[in-house]
Structure formats: structure tokens, C-alpha cells
Amino acid sequence: MLTLGIETSCDETAVAVVEGVSPTLPIKVLSSVVASSEEMHVRTGGIVPEVAAREQLRSIIPVIQEALVKAQKQARDMEAIAVTVGPGLIGSLLVGVETAKILAYVWGKSIIPVNHLIAHLYANWLGQEVPEFPAVGLVVSGGHTDLVLMEGHPSTSSGQAVIKLLGRTRDDAAGECFDKGARLLGLPYPGGPAVAKMATKFQETNHKIQTKLPRPMINDDNYDFSFSGLKTALRSVRQAQDKLAQDKTAELAYELQEAIAEVLVAKVVKAVEEFKPKSVLLGGGVAANSRLRQLLELKMKNEKCKVYIPEPKLCTDNAASIAAVAYYNCSPIPWQSIKVDPSLEIV
Ligand code: KG4
Ligand code: ZN
């Protein structure tokens with residue numbers, strides 16, 4: 001099945017063509033184009049929704065054309081159009097959904113609504129091997145931190161809930177903590193990659209950590225997270241440090257990354273011990289973080305399940321993951337009934 005994926009939930013305009021041949025084989029990415037208005041948001045220190053949507057409106061058609069050309073396919077070759085319906089920024093989501101509706105009507109294709117958060121986990125079906133169920137999945141993005149247990153593909157459940165929420169953040173998401181932490185440290189947007197870069201610098205100095213940050217809820221007997229206290233702790237350390245006039249940016253970036261990674265991995269390990277899954281799936285922009293990837297692999301070394309982490313460019317927002325969900329959960333709906341849902345949750 002050849003599927004055209006469209007993703008416009010945040011500031012990216014992403015279109016991909018993927019091919020699924022068998023449920024037991026990974027999905028092939030024939031093309032995956034991502035246009036971002038990130039440069040504009042660097043200037044404002046974050047995303048301005050209207051600016052993002054306006055840019056997406058400008059780039060959606062050229063990006064669709066580029067994705068088809070790169071895949072060496074034509075519109076008539078597509079069997080379905082998969083589009084993100086939520087969660088995300090309403091103006092941005094509308095650009096993708098309205099475009100998908102028009103294409104479905106004009107090209108005469110079926111349209112499949114996709115939950116962006118579930119798509120982050122399905123990036124793991126684009127790798128070398130197909131994950132097995134049950135799976136523990138952790139979605140770590142800019143606005144969400146959700147830990148789930150997946151018993152199967154949602155469409156095979158015959159109405160049963162196959163994705164169960166184990167826990168989520170009670171306040172800020174992990175990506176948000178990276179972004180807000182970066183801002184406190186005077187680092188550019190997006191915060192995650194900037195913090196990671198500074199953390200590496202600190203590591204290269206071989207200096208010892210002098211300032212510890214908390215690991216919120218790490219030992220709590222539940223699967224929830226909380227990152228806003230970490231940001232507050234960082235702010236007070238930063239204020240005290242300003243008085244000392246001593247540059248601790250790199251050390252604090254390192255410690256922030258360690259704290260986030262340790263808490264996330266601890267909860268995954270706890271879920272693995274309780275539910276004994278066959279697979280662990282990581283997904284979302286924060287999954288691109290090298291330290292998180294390394295720590296998860298390390299802590300799971302002695303567990304029986306297999307760990308899946310998408311390649312970094314499939315962790316951050318892309319349309320190949322959207323189209324991957326559609327292959328396994330192929331439930332088309334009439335284009336007239338498709339609607340955006342900015343506050344959609346993972347389950
Ligand atoms: O999934 P995503 O691309 O967009 C949303 O759905 O939100 O995630 C964006 C988040 C941002 O908070 C960004 O700072 C973070 O992912 N991120 C990273 C890295 N790359 C992106 N966080 C830590 N390390 C990275 N290398
Ligand atoms: Zn995302």
C-alpha cells in the first residue's frame with residue numbers, strides 16, 4: 001500500500017510517501033520531506049502560531065510535489081492519504097487537514113485521520129525490524145510525555161482499547177523542560193538540541209558536577225512525571241550563580257539533561273519490570289537526544305525485551321510516521337467527516 005502522509009501539527013510542513021508491503025516487514029520510506037519555519041522562531045525564541053500557519057500555507061503544495069518527485073510516484077499511484085488531525089496548533093493542523101481533504105476529493109483517494117502522538121511511536125515501524133507486542137511506549141515531545149502499554153495495533157482490537165495509558169506528565173513535558181531550561185540558560189530555541197550541545201561541551205572538560213538538580217518523582221510508585229519543579233530548581237541555581245558571576249551554563253545544561261533522561265528511563269524500566277513487554281518503543285523529538293538513547297539502551301541491556309528507537313530525523317516531526325500509522329490502522333473515513341482536534345490525547 002502506497003500512502004501519502006501529511007503532517008503540519010506544529011511549525012513543520014512535512015509530506016512523505018511510504019510503502020507497506022506486509023505487516024511483518026518494516027514500512028519503506030520512499031520520500032520524507034520536512035520544511036520548517038524554525039529560523040523565524042529562533043528570532044522570537046519560540047513558535048508564533050500565526051507565523052507558523054502562514055508559512056505552512058505557503059509551503060504545503062511545493063512540499064507535496066517534492067515528496068512525490070523524490071519518491072518517483074504520481075498522485076494516481078497513492079492508495080490513501082494519511083493526515084495528522086491532532087494534537088497541535090489549530091491553524092497549523094487546519095492547513096494539513098484542509099489540503100488532505102481537497103486532495104482526497106480531487107484525486108478520489110481515501111483519507112485516514114492520524115493521532116500525532118501515536119505516530120511518534122510508529123516511527124519504530126520504519127526501521128530495520130518490526131516491533132512485537134506487547135510493547136511499552138514512551139512518547140516524549142514538546143508538549144507531551146506519555147508512557148503507554150500497547151497490546152496491538154489499534155485497528156486490530158475490534159473495539160477493545162489496545163493502548164493503555166500508564167502515566168503522563170502532571171505539568172510540563174520533557175521537551176518543554178528542555179526548551180524552558182534552555183531559555184533560562186540563555187540558549188537558543190529549540191532548547192533540546194542546544195542543551196545537548198552544551199552538555200557535550202561540559203563532558204569534554206572532564207569537570208565534576210558541583211550543582212545537582214532534582215530528579216522529580218523518580219522513586220514514586222507510579223508512572224507519572226513532573227518537570228516543572230526541575231525548571232524552578234534550575235531558575236534558583238541560575239539566580240544564585242548570577243551573583244557569583246561564574247559561568248556554569250555548560251554544567252547546568254549537562255545536569256538538566258541528566259535529570260530528564262534519568263527520570264524518563266527509570267519509569268520505562270519500572271514499566272518493563274511490571275509488564276514484561278516484548279518491545280520498548282521510544283518516540284517524539286526528545287527521543288533524538290543522544291544521552292537519553294544511550295541511557296535507555298544501557299539500562300535495558302539485561303532485560304529480555306528489545307529496545308526500538310527511531311533514527312533521529314524520524315523522532316522529530318515528520319510525515320513518514322503519520323503514513324506508517326495509516327498502514328497498520330487503515331480506517332478511512334469520508335473526507336467530509338474529518339476534523340482537527342488540537343487537544344487530542346494519546347488515548
Ligand atoms: O516531537 P517534536 O519534534 O514536536 C512536538 O510534537 O512537540 O518535539 C519537539 C521537542 C522540542 O521540545 C525540542 O526541544 C525537543 O523535542 N528536541 C530535543 C532534541 N531534539 C529535539 N530534546 C533533547 N535533545 C534533542 N536532541
Ligand atoms: Zn511531535
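Helices (H or I, at least four residues) and strands (E, at least two) are DSSP runs, numbered from the N terminus. The model is predicted: local features need pLDDT of at least 70, side-chain atom pairs count only at pLDDT 80 or more, and totals for chains, interfaces and linings use all residues. Residues are numbered from 1 along each chain as its sequence is written, chains are lettered from A and ligands numbered from 1 in the order in which they are written, and side-chain values use heavy atoms, with hydrogens and water left out.

**Exercise 1. Cis peptide bonds**

Task: Find which residue is joined to Pro-87 by a cis peptide bond, and place Pro-87 among the helices and strands.

Solution. Step one is the bond itself: Gly-86 and Pro-87 are joined in the cis form, with omega about -5°. Step two is the location, and Pro-87 belongs to the loop between strand S4 (80–86) and helix H3 (90–107). Step three adds another case, since the peptide bond from Tyr-189 to Pro-190 is also cis, with omega near -5°, and Pro-190 sits in the loop between helices H5 and H6. As background, most peptide bonds are trans.

**Exercise 2. Positive phi**

Task: For Gln-72 and Asn-206, state the phi value and decide whether each residue is buried or exposed.

Solution. Begin with the general expectation that most residues other than glycine have a negative phi. Gln-72 has a positive phi near 55° and lies in the loop between helix H2 (49–71) and S4. Accessibility is classed as buried under 20% relative accessible area, exposed over 50%, and partly exposed in between (1.4 Å probe, protein chains only). Because its relative accessible area is 72%, Gln-72 is exposed. For Asn-206, phi is positive too, near 60°, and the residue lies in the loop between H6 and H7; with 68% relative accessibility, Asn-206 therefore counts as exposed.

**Exercise 3. The surroundings of ligand 1**

Task: Describe which residues come nearest to ligand 1, and which polar atoms of the protein lie by its oxygen atoms.

Solution. First, collect the shell, in which a residue is near if one of its heavy atoms lies within 4 Å: there are 18 residues around ligand 1, and His-120, Gly-142, Asp-179, Gly-192 and Gly-285 come nearest. Second, look for polar contacts (pairs of N or O atoms within 3.5 Å; within protein, one must be able to donate a hydrogen and the other to accept it, and residues adjacent in sequence count only if both atoms are side-chain atoms). A side-chain N or O atom of Asp-179 is 2.7 Å from an oxygen atom of ligand 1, a backbone N or O atom of Gly-285 is 3.0 Å from a ligand oxygen, and a polar backbone atom of Val-286 is 3.5 Å from one. Third, consider cover: on its own, ligand 1 has 550 Å² of accessible area (Shrake-Rupley method, 1.4 Å probe; for residues, only the protein chains shown count as cover), of which the protein covers 86%. Fourth, helix H4 (116–122), helix H5 (174–184) and helix H6 (191–205) are the elements that give two or more residues to the shell.

**Exercise 4. His-120**

Task: Explain why His-120 is classed as buried, and identify the polar partner of its side chain.

Solution. His-120 is found in helix H4, and because its relative accessible area is 3%, the residue is buried. The side chain of His-120 makes a polar contact of 3.2 Å with the side chain of Asp-317. Counting contact as heavy atoms within 4.5 Å, and leaving out residues up to four places away in sequence, His-120 touches residues including Val-139, Ser-141, Leu-282, Gly-285 and Cys-315.

**Exercise 5. Nonpolar cores**

Task: Determine how many residues the largest nonpolar core has, and which element gives the largest share.

Solution. A nonpolar core is a set of buried Ala, Val, Leu, Ile, Met, Phe, Trp, Tyr and Cys residues joined through side-chain atoms within 4.5 Å. The largest has 52 residues, and those with the most contacts inside it are Val-140, Leu-147, Phe-227, Ile-260, Leu-264 and Leu-296. Among the elements that give it two or more residues are strand S6 (135–140), strand S7 (145–150) and helix H8 (249–275); the largest share, 15 residues, comes from H8. A second, separate core has 37 residues, including Ile-27, Ala-123, Met-150 and Ile-346.
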